[in-house]
Amino acid sequence: MKIAITGAGGKTGRAVALAVRDLGHEVVPVVRRPHGLQDERIATLDDPAAMSDALADADAAYLIAPNVHPGELGLLRPTIDLCEQSGIRVVYHSVLHPFVPSMPHHLAKAEVEDVLRRSTLTWTILQPASYMDNLLGPVGASREGVWHQPYDVGTPFTPVALEDVGAAAAITLTDPVHAFATYELAGPERLSSQQMAQELQRELDRPIEVRADRDAWEQGVGEHLDPEARRRLGLMFDYYDVHGFAGNPHVLSWLLGRQPVTFTEWIRRHRETLAGS
């Protein structure tokens, strides 16, 4: 099979591409600018002509929108229409708990899900939890032993390893039995940021303290975002403060045919990066 992957230059797209190739299928990486990837095609989701060329001869497409995009449905709609016209099967990268009105960028993904369900496409929807891999930057770079979080450190999450998300995506892209399914992809443990910090400290054998500090985020990563993205992420952090972000791991276990990667296993696989070496 030939699988087109949008956002193939990002960490999710790369993980999906690797897993698809591991299953013996051909990958067409679709990127907004050159990344030097094998067989990559340059196209943006808002350019139907370029996307039509990028999707030519594809059997299936993995659709990922840029993070916190202000108009995800409008951005993806032309590509969805192209896939519908060409009979290309679609696997859509949504998010765990998409229908949460207090998180507008989640709700935007619920709108895309609704369009897919009402289309004539053969579709599958994946709803991943937060990635363990999101910690590689802040923990690895934290030489002073402090990991700043922009939300409450005691609320629960079910973090999932990106390699497991990629593997689940590859399975659903290449096996038609998963048509018209919506799958929640959550990790195997319900952990707070405080519990994750304690495990990181044990495994890395260095002090790691997690602190809730919205100001540090706003003066760091948040400072470089456009105002709307900053607003949307702030609303997400407000939600996390109260509810956390947790799902159930059993669907992912069933898809993979094994237990998803635990947090401790993930730390051990990324020890060098997390240690800041």
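**Exercise 1.** In this predicted model, find the bridge partner of Ile-3 in β4, and then work out how β4 is joined to strand β5.

*Solution.* In strand β4, Ile-3 has Ala-60 as its bridge partner. This bridge belongs to the pairing of strand β1, residues 2–6, with β4, which is parallel and extends over three bridges. Turning to β5, which covers residues 89–93, we find that it runs parallel to β4 and that four bridges join the two strands. Here Ala-60 appears again, standing opposite Arg-89 of β5. Between β4 and β5 the chain passes through helix α3, residues 72–86, and the resulting β-α-β crossover is right-handed.

**Exercise 2.** Determine which residues of strand β4 point one way and which the other way, and whether they are buried or exposed.

*Solution.* Begin with the general pattern: side chains in a regular strand alternate between the two faces of the sheet. In β4, which spans residues 60–63, Ala-60 and Tyr-62 point one way, while Ala-61 and Leu-63 point the other way. All of these residues are buried, a term that requires under 20% relative accessible area.

**Exercise 3.** Describe how helices α4 and α9 are placed relative to each other, and name the residues that meet.

*Solution.* The axes of α4, residues 104–117, and α9, residues 227–243, come within 8 Å and cross at roughly 95°. Angles of 65 to 115 degrees count as roughly perpendicular, and the two helices are therefore roughly perpendicular to each other. From α4, Pro-104, His-105 and His-106 meet Arg-231, Arg-232, Leu-233, Leu-235 and Met-236 of α9. Sorted by class, this contact has four nonpolar, two polar and two charged residues.

How values were computed:
Residues are numbered from 1 along each chain as its sequence is written. This is a predicted model: local features need pLDDT of at least 70, side-chain atom pairs count only at pLDDT 80 or more; totals for chains, interfaces and linings use all residues. Side-chain values use heavy atoms; hydrogens and water are left out. Axes are lines fitted to C-alpha atoms, for helices over the stretch in contact, and angles run from 0 to 180 degrees between N-to-C directions. Angles under 35 degrees count as roughly parallel, over 145 as roughly antiparallel, 65 to 115 as roughly perpendicular and the rest as oblique. Contact means heavy atoms within 4.5 Å. Ala, Val, Leu, Ile, Met, Phe, Trp, Tyr, Cys and Pro count as nonpolar, Asp, Glu, Lys and Arg as charged, and the others, Gly among them, as polar. Buried means under 20% relative accessible area, exposed over 50%, partly exposed in between (1.4 Å probe, protein chains only). Two strands pair if DSSP finds at least two bridges between them. A crossover is right-handed if, with the strands pointing away from the viewer, the path from the first strand over the helix to the second runs clockwise.
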